[in-house]
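Visitor: I am new to reading protein structures, and I would like a close look at a single part before I try to take in the rest. Could you take me through one sheet slowly, and then show me what lies around it?

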Amino acid sequence: MIQVLSKEFNSFLNSLIAYVVIGVFLVATGLLLWVFPDTSVLDYGYSDLGTLFALGPYVFIFLVPAITMRSFAEENKAGTLELLLTKPLTDWGIVLGKFLASFLLVLFALIPTVIYYYSVYQLGNPAGNVDTPGVIGSYIGLALLGGVFCSVGILSSSITGNQIVAFIVAAFLCFVLFTGFDSLAGLPALAANALAVRQLGIVYHYDALSKGLIDSRDILYFFSVIYLMLSLTKLTLGSRQW
Amino acid sequence: MSLVVKNLTKRYGLQQAVDAISFEVNTGEIVGFLGPNGAGKSTTMKIATGYLPPSDGQVLVGGYDVAVQPMEAKRITGYLPEHNPLYLDLYVHEYLHFIGGLYGMRGNALKSRVGEMVERCGLTREQNKRIESLSKGYRQRVGLAQALLHDPRVLILDEPTTGLDPNQLTEIRKLIKDVSQDKTVIFSTHIMQEVQALCDRVVVINKGRIVANDRLENVLQHNRSNTIVVEFEGVVAAADLGQLDGVLHVQQQSPGVFRLDAEQGRDIRPEIFRFAADRSLSLVGLRQEENSLETIFRSLTNETTAPQSEN
């Protein structure tokens with residue numbers, strides 16, 4: 001697993017992927033947070049990182065599938081998957097290695113945004129007047145959300161040899177998982193079970209974490225979705241055996 | 001017995017890709033796995049390396065059943081898949097380090113082993129290049145280096161020499177021969193000369209069945225046809241030649257030149273000589289036609305639908 005992880009991560013660094021992803025993420029969130037007047041903290045007047053955590057997931061919906069789309073699709077197409085699967089590696093090792101490499105890249109993209117927190121912290125009146133626990137909770141939420149998106153992306157990539165298909169399927173699934181269930185809960189037909197439906201979506205748990213309340217149920221939700229997606233990926237890998 | 005294939009069957013849906021084949025390969029032996037395209041060679045190899053599961057039967061690699069103990073079997077197998085898939089964006093030594101790492105090799109041992117393989121496979125000048133910038137022949141060597149890196153006991157090569165130029169062909173063959181001393185090697189090909197250059201034994205399959213499994217000489221011997229080309233000076237009627245004892249078929253190639261198919265295992269040359277002497281004809285040519293490897297390959301894989309006896 002470690003070998004696959006380090007090879008994958010190195011190939012992110014050796015190609016432009018890592019820099020483009022991190023760069024675009026930072027530019028996009030930076031513009032939204034500091035420049036565009038509609039969402040800018042400066043115009044808003046409150047020392048708060050709400051914009052980053054509200055819009056970050058939408059940036060991820062586009063960026064994370066771009067990171068993960070090649071993971072299995074490329075190997076499927078180039079035939080290197082056969083090479084990998086005939087090495088003494090477990091299917092789980094391959095799936096986890098690829099997942100963790102993408103997840104690590106997402107975390108790397110998040111790290112520089114700590115500067116935003118520091119800036120907002122200093123801008124507060126008095127300095128330091130920020131909801132720090134809320135920010136910490138939000139960061140955990142955003143990181144876990146990135147993890148879920150990575151697992152969705154890896155799954156989409158494993159079912160096709162075409163990277164574009166992998167990207168589109170992943171972006172769509174991420175979107176549905178993120179806000180789709182929330183919107184579905186608004187349907188009159190589902191009114192009776194609205195809460196249950198909302199709880200299936202990410203937003204419900206993500207918002208709960210942003211309040212700074214780190215509830216084990218929310219954490220468990222994220223890990224369950226990741227586990228489910230990766231299990232399905234492993235199943236797809238094993239489907240050659242059927 | 002390093003590689004044992006027992007009653008191996010593989011079905012894709014209704015199609016029977018491999019039909020109950022059995023053979024064994026011993027340590028130190030190079031076996032050529034022959035057959036036309038789509039005969040089931042690659043499928044057999046994919047099963048032997050644990051990529052595909054068998055529908056029936058089993059494959060033992062170094063005593064491990066591939067379906068039951070895949071890890072142990074994979075650890076002692078070196079495999080070069082068909083079309084030689086490679087990570088094109090990696091550098092040669094980087095790629096080999098990655099593969100070595102997958103086999104649990106670490107640190108200096110891995111480093112020196114990669115160095116050794118780079119040298120043995122003639123990649124010294126190319127080792128700091130990206131694989132995508134290498135030519136086909138060098139890529140093939142990288143693939144081979146990858147398969148040999150962990151010093152496997154069983155080497156499975158799926159068409160290792162397709163698309164190489166004659167020089168590269170000779171080099172790759174030499175390399176395979178060199179490394180094979182203490183290993184079990186099975187490689188697939190549809191080039192007969194390759195088998196002649198490399199193999200101790202040959203397994204020929206067609207439509208998923210074994211049609212020959214023997215030492216190469218024996219296969220050649222067994223399928224030697226009895227065709228004689230004879231050339232007379234002067235005019236001879238084909239019908240007269242057909243009267244000769246033991247001649248099955250006469251074909252006139254040009255005036256005075258005939259191609260005679262004789263009964264298997266019978267030397268009709270004295271007959272022809274007497275025939276010429278009786279009629280005071282000058283016999284200017286008499287030659288037994290050698291069956292080319294290609295002809296044998298064709299006859300084995302075209303005509304025989306029922307499997308021949310295995311010896």
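**A sheet in chain B**

Guide: In this predicted model, chain B holds an open sheet of six strands, which follow one another in the order E6-E7-E8-E3-E9-E10 and show mixed pairing. At its two edges lie strand E6 (77–80) and strand E10 (209–215) of chain B, each of which pairs on one side only. If you go from strand to strand across this sheet and ignore direction, neighbouring strands are turned against each other by 15 degrees on average.

Look next at strand E3 (residues 30–34) of chain B and strand E8 (residues 184–189) of chain B, which run parallel and are joined by five bridges. To find this pairing in the picture, you can start from Val31(B), which stands opposite Ile186(B) in E8(B).

Helices lie across this sheet as well. Helix H5 (residues 136–148) of chain B lies across E6 and strand E7 (154–158) of chain B, and its direction makes an angle of about 165 degrees with E6(B). Helix H11 (residues 293–302) of chain B, in turn, lies across E3, strand E9 (201–206) and E10 of chain B, running at about 45 degrees to E9(B).

From here we can follow chain B to another strand, E11 (residues 227–233), where the side chains alternate. In a regular strand, side chains alternate between the two faces of the sheet. In E11 of chain B, Ile228(B), Val230(B) and Phe232(B) point to one face and are buried, whereas Thr227(B), Val229(B), Glu231(B) and Glu233(B) point to the other face and are not buried.

E11(B) has pairings that you can trace residue by residue. With strand E13 (residues 257–262) of chain B it pairs in the antiparallel sense over five bridges, and in E13(B) the bridge partner of Val229(B) is Arg259(B). With strand E14 (residues 282–289) of chain B, E11(B) is joined by seven bridges, and these two strands also run antiparallel. Here Val230(B), one of the buried residues of E11(B), stands opposite Leu286(B) in E14(B).

Two residues of chain B deserve a pause for their backbone angles. Ser280(B) lies in the loop between helix H10 (269–278) and E14 of chain B, and its phi is near 45 degrees, a positive value in a residue other than glycine. Ser280(B) is exposed, because 7 other C-beta atoms lie within 10 Å. Ala20(B), which is found in strand E2 (residues 15–25) of chain B, has a phi near 50 degrees, again a positive value in a residue other than glycine. Ala20(B) counts as partly exposed, because it has 16 C-beta neighbours inside 10 Å.

Now let us step back to the whole of chain B, which has 11 helices and 14 strands. Its C-alpha atoms fill a box of roughly 85 × 45 × 30 Å along the principal axes, and its radius of gyration is 25 Å, where a compact globule of 311 residues would have a value near 19 Å. Of those 311 residues, 41% count as buried. If you take the contacts in chain B with a separation of 6 or more, residues 24 or more positions apart account for 68% of them.

Chain A, by contrast, has 12 helices and zero strands. Its C-alpha trace spans about 60 × 50 × 30 Å along the principal axes. The radius of gyration of chain A is 19 Å, which agrees with the compact globule rule, because a globule of 242 residues would have a value near 18 Å. Buried residues make up 41% of the 242 residues in chain A, and among its contacts between residues at least 6 apart in sequence, 76% join residues at least 24 apart.

Finally, where do the two chains meet? The contact takes 19 residues from chain B and 17 residues from chain A. On the side of chain B that touches chain A, the elements that give two or more residues are helix H2 (70–75) and helix H3 (92–102) of chain B. By class, this side of chain B has 12 nonpolar, four polar and three charged residues.

Methods: Residues numbered from 1 in each chain as written. Chains lettered and ligands numbered in written order. Predicted model: local features only at pLDDT ≥ 70, side-chain atom pairs only at ≥ 80, totals over all residues. Pairing = 2+ DSSP bridges. Helix = DSSP H or I, 4+ residues; strand = E, 2+ residues; numbered from the N terminus. Axes fitted to C-alpha atoms, helices over the stretch in contact; angles between N-to-C directions. Contact = placed C-beta atoms within 7 Å. Nonpolar A, V, L, I, M, F, W, Y, C, P; charged D, E, K, R; others polar. Rg over C-alpha atoms; globule rule 2.2 N^0.38 Å. Buried ≥ 20, exposed ≤ 12 C-beta atoms within 10 Å, placed from the backbone.
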